[in-house]
Amino acid sequence: MFKLNPGDKVGITSLASFISQGDIDNGINYLKQLGLIPIIGPCTYASWRYMAGSPQARAQDINSFFQDNTIKAIFTPRGGGGATYVLPHIDYNLVKDHPKPLFGLSDITAIQNALYAQSNNISYTGFLLKYDFRTGTIPPMINESFMQIIQKKKIDYQGGETVCSGKAKGILIGGNLSVLQYLIGTPYMPSLTNKILLLEDVGGKSFQIDLKLQQLRQLPDFKQLKGIIFGEFSDCQVFDPEDGTIDEIINYYCQDLKIPVIKHFPYGHIPERRILPIGKEITLDADTCTLSF
């Protein structure tokens, strides 16, 4: 079972968009205050086009961290774009032999779901070393969630609203809807069978969210889903009134579903959120809006 203890080494590298020197000083100091020893990968401050180093170089960082048994977890500074470039260059057999969690959010959804699809590796979505320390300190809910996870505590998160009642167990997959869409039709998209699907997004127009959800619904194994957790869809604009709000789109989407569904769970591109395990079995109780693992 995963747990971080004082004195443990943790790897840090940029796997999507690039960052600048100083961007993650607050995040690194936070890890150090917990007694962890950050090991900075070569691609952390690298740049290639809009990304943090070439696909091969970023993959080399992540492969090296998985291979090194003294590294107990891997952290990324930010999302942004370009994580899918890395996927063909990851050594998934190596990951399978040396499993460890990758913490991230947003564009890191691509790598986290690929690691599960190819290697059954468990990652944690909802924590970034730049984004979550941009005000200088980590938000309280994220801090509480992070401490519970690294201390291997039993977790019961409550929040959101019931859309479809019921209770289910399943492996959690997903994260950012737009990034998950990039994986459809590739070897890096997890099967939906017996899964609980987590979805959030940021920016764009509401009708675009509607159409992305329809694409997921048309996947052959969508009917085998066990449940859905909708987080927040931040800054998603209603372009025309008839496009519908995100709430209206979700309610229409779920009106004939026979599985538990909740919306407005505290997860996504919001200051206060929960950290959730991609690739791990969770229990969703939609009547009490509770997630347990």
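## Exercises on a predicted model

The sulfur of C164 lies 5.0 Å from the closest cysteine sulfur, that of C254, which is too far for a bond. The exercises below concern a predicted model.

**Exercise 1. Determine how many disulfides the whole structure contains, and state how C164 and C236 stand in this respect.**

Solution. Begin with the criterion, by which a disulfide is a pair of cysteine sulfur atoms within 2.5 Å. The sulfur of C164 is 5.0 Å from that of C254, its closest cysteine sulfur, and the distance is therefore too great for a bond. Continue with C236, which is in no disulfide, since the nearest cysteine sulfur, again that of C254, is 16 Å away. A search of the whole structure accordingly ends with zero disulfides. As for accessibility, C164 counts as buried at 9% relative accessibility, and C236 is buried with a relative accessible area of 13%.

**Exercise 2. Find which residues of helix α1 are buried, and decide where they lie around its axis.**

Solution. In α1, which spans residues 25-33, the buried residues include G27, I28, Y30 and L31. These residues cover an arc of only 155 degrees around the axis, and so they are on the same side of α1. The general background is that an α-helix has 3.6 residues a turn, so residues three or four places apart point the same way. The next step is to ask what the buried residues of α1 pack against, and the partners are β1 (9-12), β2 (37-40), β3 (71-75) and α5 (140-150). Just after α1, G35 takes a positive phi of about 90 degrees.

**Exercise 3. Describe the six-stranded sheet: its strand order, its edges and the helices that pack on it.**

Solution. The six strands form an open sheet in the order β2-β1-β3-β4-β5-β12, with mixed pairing. Its edge strands are β2 and β12 (276-278), each of which pairs on one side only, and the twist from one strand to the next averages 30 degrees. Looking at one pair in detail, β1 and β2 are parallel and share four bridges, with P38 in β2 as the bridge partner of V10. Helix α2 (residues 55-67) lies across β1, β2, β3 and β4 (102-104), and runs at about 155 degrees to β3. Helix α4 also packs on this sheet, where it touches β4, β5 (123-125) and β12, its direction making about 150 degrees with that of β4.

**Exercise 4. Carry out the same analysis for the sheet of eight strands, and explain what is particular to β6 and β7.**

Solution. The order in this open sheet is β6-β14-β13-β8-β9-β10-β11-β7, and the pairing is mixed. Since β6 (156-158) and β7 (161-164) stand at the edges with a single partner strand each, one side of each is left without a neighbour in the sheet. Within the sheet, β10 and β11 (residues 261-263) run parallel and are joined by two bridges, and I229 stands opposite I262 in β11. Helix α4 (residues 109-119) lies across β8 (167-176) and β9 (195-202), at about 135 degrees to β8.

**Exercise 5. Identify which residues touch the most other members of the largest nonpolar core.**

Solution. The largest nonpolar core has 51 residues, and I111, L199, L216, I228 and F230 touch the most other members. Taking L216 as the example, and not counting residues up to four places away in sequence, its contacts include L177, I184, M189, F222 and Y253. Apart from this core lies another, of 43 residues, among them L36, F75, Y157 and L291.

Definitions and conventions: Residues are numbered from 1 along each chain as its sequence is written. This is a predicted model: local features need pLDDT of at least 70, side-chain atom pairs count only at pLDDT 80 or more; totals for chains, interfaces and linings use all residues. Side-chain values use heavy atoms; hydrogens and water are left out. Buried means under 20% relative accessible area, exposed over 50%, partly exposed in between (1.4 Å probe, protein chains only). The arc is that of the directions from the helix axis to the C-beta atoms. Contact means heavy atoms within 4.5 Å. A nonpolar core is a set of buried Ala, Val, Leu, Ile, Met, Phe, Trp, Tyr and Cys residues joined through side-chain atoms within 4.5 Å. Two strands pair if DSSP finds at least two bridges between them. Axes are lines fitted to C-alpha atoms, for helices over the stretch in contact, and angles run from 0 to 180 degrees between N-to-C directions.
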